[in-house]
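Work through the exercises below with the sequence and the structure side by side. Try each task before reading its solution.

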Amino acid sequence: LHYPLRRQRQMCIRDRRIRDAYQGVTDAWSLGITSIPAVIVDQRYVVYGVSDLGQALARIERYREEQP
């Protein structure tokens, strides 16, 4: 099949978006994420119940400061 160049670009963009979306799911699964929303930082910290990145980062920062 031969698609016009514009259509080929659209398909590439779509394929990249699908791949990126599934990569996130794969990463979460491999880290043992059990519920959503969850924010993962540095593949080390997970904040459940928060979908706002700024709030999640603030929680992680507080946690880091509290740890010896």
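**Exercise 1. Classify Asp 42 by accessibility, then describe its backbone and its partner.**

Step 1. Asp 42 has a relative accessibility of 59% and therefore counts as exposed. The classes are: buried, under 20% relative accessible area; exposed, over 50%; partly exposed, in between (1.4 Å probe, protein chains only).

Step 2. Before going on, note the ground rules. This is a predicted model, in which local features need pLDDT of at least 70 and side-chain atom pairs count only at pLDDT 80 or more, while totals for chains, interfaces and linings use all residues. Residues are numbered from 1 along each chain as its sequence is written, and side-chain values use heavy atoms, with hydrogens and water left out.

Step 3. Place the residue. Asp 42 sits in the loop between strand 1 and strand 2. Helices (H or I, at least four residues) and strands (E, at least two) are DSSP runs, numbered from the N terminus.

Step 4. Check the backbone. Asp 42 is not a glycine, yet its phi is positive, near 55°.

Step 5. Find the partner. Asp 42 forms a salt bridge with Arg 64, at 3.2 Å from N to O. A salt bridge here is a side-chain nitrogen of Lys or Arg within 4 Å of a carboxyl oxygen of Asp or Glu.

Step 6. Say what the bridge joins. Arg 64 lies in helix 2 and Asp 42 in the loop between strand 1 and strand 2, so the pair ties together parts 22 residues apart in sequence. Arg 64 is partly exposed, at 37% relative accessibility.

**Exercise 2. Find which other residue of the loop between strand 1 and strand 2 has a positive phi.**

Step 1. Gln 43 is in that loop, between strand 1 and strand 2.

Step 2. Its phi is positive, about 50°, and Gln 43 is not a glycine.

Step 3. At 56% relative accessibility, Gln 43 counts as exposed.

**Exercise 3. How many salt bridges does a search of the whole structure find?**

Step 1. The search finds two.

Step 2. One is the bridge between Arg 64 and Asp 42.

Step 3. Arg 14 and Asp 15 also form a salt bridge, with their closest N and O atoms 2.8 Å apart.

Step 4. Compare the exposure classes. Arg 14 is partly exposed, at 40%. Asp 15 is partly exposed too, at 38%.

**Exercise 4. Describe the aromatic pair.**

Step 1. One aromatic pair turns up in the whole structure. Rings of Phe, Tyr and Trp (its six-membered ring) pair if their centres lie within 6.5 Å; planes under 30 degrees apart count as stacked, over 60 as edge-to-face and the rest as tilted.

Step 2. The ring centres of Tyr 45 and Tyr 63 are 6.2 Å apart and their planes stand at 70°, so the pair is edge-to-face.

Step 3. Locate both ends. Tyr 45 is in strand 2 (residues 45-48) and Tyr 63 in helix 2 (residues 53-66), so the pair links distant parts of the chain, 18 residues apart.

Step 4. Are the two tyrosines buried or exposed? Tyr 45 is buried, at 13%. Tyr 63 is partly exposed, at 42%.

**Exercise 5. List the largest nonpolar core and inspect Ala 56.**

Step 1. The core has seven residues: Val 39, Val 41, Tyr 45, Val 47, Val 50, Ala 56 and Ile 60. A nonpolar core is a set of buried Ala, Val, Leu, Ile, Met, Phe, Trp, Tyr and Cys residues joined through side-chain atoms within 4.5 Å.

Step 2. At least two of these residues come from each of strand 1, strand 2 and helix 2.

Step 3. Ala 56 belongs to helix 2. Its relative accessible area is 0%, so Ala 56 is buried.

Step 4. Outside its neighbours within four places in sequence, Ala 56 is in contact (heavy atoms within 4.5 Å) with Val 39, Val 47 and Val 50.

Step 5. In soluble globular proteins, nonpolar side chains tend to be buried together.

**Exercise 6. Where is the cis peptide bond?**

Step 1. The cis bond joins Ile 36 and Pro 37, with omega about 5°.

Step 2. Pro 37 lies in the loop between helix 1 and strand 1.
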